[in-house]
Amino acid sequence: MNILVCIKQIPDMESRFKIDAAGTWYDQADLAWRMNEYDEFAVEQAVQLKEQLGDADLTVLSIGPDRTKEMIKKALAMGADRGVQVADDHSHLHDPHTIASLIATFARQHQFDLIFAGMQSQDRGSAQVGVLVAEMLGIPSLTTLVEFSYTDGTISAKRELEGGARALVSCTAPALVTCQLGLNTPRYPTLPNIMKAKKKELLTIPVGDLNPADPQQKTISMAFPEKRGSGLILEGDASELAERLMRILKEKTTVLV
Amino acid sequence: MKILLVAEYREGKLLGTSAELIEFTVRMDAQAVMFLVGNKQNLPQFDGRLYLADAAQAGEFNPAVHKQLLLEVIAREQPQLIAFPHSSYGWDLAPRVALALDATQFSEVVDVQEGHLIVPVCNAKLQRRMKAETEKTVVTLQAGAFTPTQSISATPEVIDLPVTGAGDIDFQGYEAAAAGGVDLSKAKVIVSAGRGIGKAENLEMVANLAKALKGEYAASRPVVDADWTDHSRQVGTTGQTVAPKLYIACGISGAIQHLAGMKKSDFVIAINTDKDAPIGEVADVLAVCDLKQLIPLLTEKINAQQA
């Protein structure tokens, strides 16, 4: 069985963001980069499937600049067999349709039985790329999964709905699934597996080789949202803050009687 | 401009999102037609043409069939824009329709400013003003972003859509949210723990603060996903929606999905080490502090006061 996992490198969401010189994206400098959280669940599920089947080949693919390789190595240490970096210093400027077109071109060349992706990225959060890849390939896609199983070519899964209900769905491979938070417990790479990962194949493909689709949208500008909250910010040491919070609870709420 | 609104239906019921879709057309100064896979006994309040396919035939969840039905309506009505709720139904179906139409899609639109659509980036810490370069545009709208200013009372003009074809996904039904546990909607005080509590053991101090205030403790999604507490205590889009007199958010950064579940609280106190955390948007007070130090001190003072 031939499996692909699509992963993305994103900045730590706790970062203090700045807007770049063009005014259309966040400044990429001085950020700590990590694997998109949703994609960690995708890698873990694919590795679990490989362990279940025994006979499976697992490729992880990411689109981005050189630093992307560090994150790909983490996926290799988690258990993927091969990493592919689609080298692109401008990947952050591409719309979801262009990103999907690159993955679809790669997937057509390798005939995957199953493709895993996160349900969205933490920075753009479009929730489009996975579904678009599946539609471009003409295969079914199941999105927002919180449970996944695979038996004899059939994927049975649960989709998460609003309010915590779930929809029970299934389809047959080849197919694409997108992973919601909580689908599994992503493993931490162990030191021996990190060492082993260094010897695994990590290919680099120039983005131009994968026929990127033309952009369909444009960012006019990026900005910080207007602060709607006129909230009071309290700073100081803990005992002072506890005092002040007590006063606020007495004056502004009715919970202390 | 003409907008096609895609209403939602689940377990035999129309979902409340259609009023927000209508509000979006008001903000866009556009005319609207609506699409629904549902049934005639349960129609949205809408003054316009409603294309209705029977959910008993099309299936409540069957994206390939719903896509085909939508494409037929789009061919007839020629809307410039197609709007979905940003929900498990909308974000699943919208890209399928967008690709078939060669239309670009903007996800989780939060606002319209001077005719431009605004979308959030990085957990709403930033936002972008967007422009489509395709003839048609697909959008999904963030829940709660287009709250109707007035209630609509109208009966739509229903146009029946025949259902043909089968999908590529087998839908077997629903599993209800885990029953039992805590009904947070009745709590007057909620003290909620987020990822920032660091480890499962620290949930106890959050629970103690809740107890001191005679309230319930709750959690954001990552805490539930890590199995530090059970799902019945989760606040947010996929958990419970609450509106207590006091909500104390401990180590919660304030993902949109969490804010949607608690922003109607009367008074919100956030305790967070990150001064710029989005929770600050809805907090009346943001205490910038290590919660492990502050919470025990605050609990002690409250207990002393109540004694």
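## A tour of the chain A and chain B contact

Begin in this predicted model by selecting helix 4 of chain B, residues 90–101, which lies across strand 7 and strand 8 (154–160) of chain A and runs at about 100° to strand 7 of chain A. For a helix from chain A, select helix 4 of chain A, which lies across strand 6, strand 7 (141–151) and strand 10 of chain A and runs at about 175° to strand 10 of chain A.

Next, colour the sheet to which these strands belong, an open sheet of 10 strands with mixed pairing, in the order 11(A)-5(A)-4(A)-1(A)-6(A)-10(A)-7(A)-8(A)-9(A)-13(B). Its edges are strand 11 of chain A (201–206) and strand 13 of chain B (170–175), each of which has a single partner strand, so one side of each is left without a neighbour in the sheet. Averaged with direction ignored, neighbouring strands of this sheet are turned by 30° against each other. Within the sheet, zoom in on strand 6 and strand 10 of chain A, which pair in the parallel sense over five bridges; A:Gly118 has A:Cys179 in strand 10 of chain A as its bridge partner.

Two backbone details in chain A deserve a stop. Select A:Ala173 and A:Pro174, where the peptide bond from the former to the latter is cis, with omega near 0°; A:Pro174 is found in the loop between strand 9 (166–172) and strand 10 (175–179) of chain A. Then move to A:Ala127, which is not a glycine and yet has a positive phi of about 60°, and which is found in the loop between strand 6 (114–118) and helix 4 (129–137) of chain A.

Now turn to a second sheet that takes strands from both chains, an open sheet of four strands with antiparallel pairing and the order 12(A)-10(B)-9(B)-8(B). Strand 12 of chain A and strand 8 of chain B (111–113) stand at its edges, and each has a single partner strand, so one side of each is left without a neighbour in the sheet. From one strand to the next the twist averages 40°. To see where the chains join in this sheet, select residues 217–223 of chain A, which form strand 12, and residues 126–132 of chain B, which form strand 10: the two run antiparallel and are joined by six bridges, and A:Thr219 has B:Met130 as its bridge partner. At the other edge, strand 8 of chain B pairs with strand 9 of chain B (residues 116–121) in the antiparallel sense over three bridges, with B:Asp111 standing opposite B:Ile118.

Finally, show the whole contact between the chains, which takes 85 residues from chain A and 79 residues from chain B. The area buried between the two chains is about 7100 Å², of which carbon and sulfur atoms give 55%. Highlight B:Arg128, B:Glu175 and B:Glu281, which supply 9% of the area that chain B buries against chain A, more than any other three residues.

For the polar side of the interface, display A:Glu160 and B:Arg221, whose side chains meet in a salt bridge at 2.8 Å, N to O. Across the interface there are 10 salt bridges, and 39 residue pairs are in polar contact. On the side of chain B that touches chain A, helix 8 of chain B (residues 291–306) contributes the largest share, eight residues. Colouring that side by residue class separates 33 nonpolar, 22 polar and 24 charged residues.

Note on methods
Residues are numbered from 1 along each chain as its sequence is written. Chains are lettered from A and ligands numbered from 1 in the order in which they are written. This is a predicted model: local features need pLDDT of at least 70, side-chain atom pairs count only at pLDDT 80 or more; totals for chains, interfaces and linings use all residues. Side-chain values use heavy atoms; hydrogens and water are left out. Contact means heavy atoms within 4.5 Å. Buried area is the accessible area (1.4 Å probe) that two parts lose on being put together, summed over both. A salt bridge is a side-chain nitrogen of Lys or Arg within 4 Å of a carboxyl oxygen of Asp or Glu. A polar contact is a pair of N or O atoms within 3.5 Å; within protein, one must be able to donate a hydrogen and the other to accept it, and residues adjacent in sequence count only if both atoms are side-chain atoms. Ala, Val, Leu, Ile, Met, Phe, Trp, Tyr, Cys and Pro count as nonpolar, Asp, Glu, Lys and Arg as charged, and the others, Gly among them, as polar. Two strands pair if DSSP finds at least two bridges between them. Axes are lines fitted to C-alpha atoms, for helices over the stretch in contact, and angles run from 0 to 180 degrees between N-to-C directions.
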